[in-house]
Amino acid sequence: KKLRVMNTAMIKDLLYQTLQRYGTVREESVQQLMALAQPISFAKGDILLPVGKVAHKLYIVAEGLLISQHYTSGGQLHIKNFFSAYHFAGSKVSLLQGSPSAFSIEAATAGTAISIDYKAYKQAVYASDNLKDLYIAYLEQSWIVENEARQIAFATSTGMERYTQLLEAHPELEAQVPLHMIASYLGFTPTQLSRLRKELNS
């Protein structure tokens, strides 16, 4: 699949489609962020943020898939999150605290995104009530609602339910990453995931 070169109209649409997930978006808010947005492309395997480095950029994915990941002390790969189209990607704790990131952000596929300097983004947020409302809604959704839902799912949902919910959120995921990465994110072994997939497709 050939990646599209991002033009001004595409950047505007990406910002609007992403922001409207968190509330009403005003035209001037989109224009403010367009002034900060830098289109980028990435190849499979590119590292946008290495482990241990302080994050300075916030990304919004247009095409492709980014992942956050780290290796445990035992050398096992742990997938923290998947970032597909119209999703923010970044190390939130590192951005907020200016501390080294505990995980890397890497490209699972080739793709495109926009990159926004986080300090400039925060200045824009402080200067705009609309952007401030959207930013608060984003933090609440991504840090509280989604994290709590995932914790509850690990405690109360069946493996099949967690697997199908992940595919509903990221429909193209199985075509984008190896199954062992999906298993890692869900807390399964590859064998357990294989059994679930056979059960689902039977």
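How many bridges join strand E3 to strand E8, and in which sense do the two strands run? In this predicted model, strand E3 (residues 57-63) and strand E8 (residues 111-117) run antiparallel and are joined by six bridges. One pair can be located by eye: Leu 58 has Ile 116 as its bridge partner in E8.

These two strands belong to an open sheet of four strands, arranged in the order E1-E8-E3-E6 with antiparallel pairing. Strand E1 (38-42) and strand E6 (88-89) stand at the edges with a single partner strand each, so one side of each has no neighbour in the sheet. A general rule helps in reading any such arrangement: in a regular strand, the side chains alternate between the two faces of the sheet.

Two helices lie across this sheet. Helix H1 (residues 8-19) lies across E1, E3, E6 and E8, and it runs at about 105 degrees to E3. Helix H4 (residues 118-126) lies across E3, E6 and E8, running at about 65 degrees to E8.

A further set of paired strands can be followed from strand E4 (residues 66-71). E4 runs antiparallel to strand E5 (residues 77-83), and six bridges join them. Tyr 71 has Leu 77 as its bridge partner in E5. The two strands form a hairpin with five residues between them, and Gly 75 in the turn has a positive phi of about 85 degrees. E4 also pairs with strand E7 (residues 104-107), again in the antiparallel sense, over four bridges. Here Ile 67 stands opposite Glu 106 in E7.

Attention may now pass to the interior. The largest nonpolar core has 40 residues, and those with the most contacts inside it are Ile 11, Leu 15, Leu 66, Phe 88, Ile 114 and Tyr 121. Leu 66 offers an example of how widely one residue may reach along the sequence. Beyond its neighbours within four places, the residues in contact with Leu 66 include Phe 42, Leu 48, Val 61, Phe 82, Ala 89 and Ile 105. A second, separate core has 19 residues, among them Val 177, Met 181, Ile 182 and Phe 188.

Two residues of this second core, Met 181 and Ile 182, also appear among the buried residues of helix H8. H8 is mostly covered, with six of its eight residues buried; these are Met 181, Ile 182, Ala 183, Ser 184, Tyr 185 and Leu 186. Gly 187 follows H8 and has a positive phi, near 80 degrees.

How is H8 placed against helix H9? H8 (residues 179-186) and H9 (residues 190-201) pack at an angle of about 100 degrees, with their axes 9 Å apart. The two helices are therefore roughly perpendicular to each other. H8 contributes Leu 179, His 180, Ile 182 and Ala 183 to the contact, while H9 contributes Pro 190, Leu 193 and Arg 197. By class, these are five nonpolar, one polar and one charged residues.

H9 also packs with helix H6 (residues 159-169), at an angle of about 80 degrees and with the axes 10 Å apart. That angle makes H6 roughly perpendicular to H9. On H6 the contact is made by Gly 159, Met 160, Tyr 163 and Thr 164, and on H9 by Leu 193, Leu 196, Arg 197, Glu 199 and Leu 200. The residues of this contact divide into five nonpolar, two polar and two charged. Leu 193 and Arg 197 of H9 thus take part in the contact with H8 and in the contact with H6.

Technical notes:
Residues numbered from 1 in each chain as written. Predicted model: local features only at pLDDT ≥ 70, side-chain atom pairs only at ≥ 80, totals over all residues. Heavy atoms only, no water. Axes fitted to C-alpha atoms, helices over the stretch in contact; angles between N-to-C directions. Parallel < 35°, antiparallel > 145°, perpendicular 65-115°, else oblique. Contact = heavy atoms within 4.5 Å. Nonpolar A, V, L, I, M, F, W, Y, C, P; charged D, E, K, R; others polar. Pairing = 2+ DSSP bridges. Core = buried A, V, L, I, M, F, W, Y, C linked by side-chain atoms within 4.5 Å. Buried < 20%, exposed > 50% of the residue type's maximum accessible area, 1.4 Å probe, protein only.
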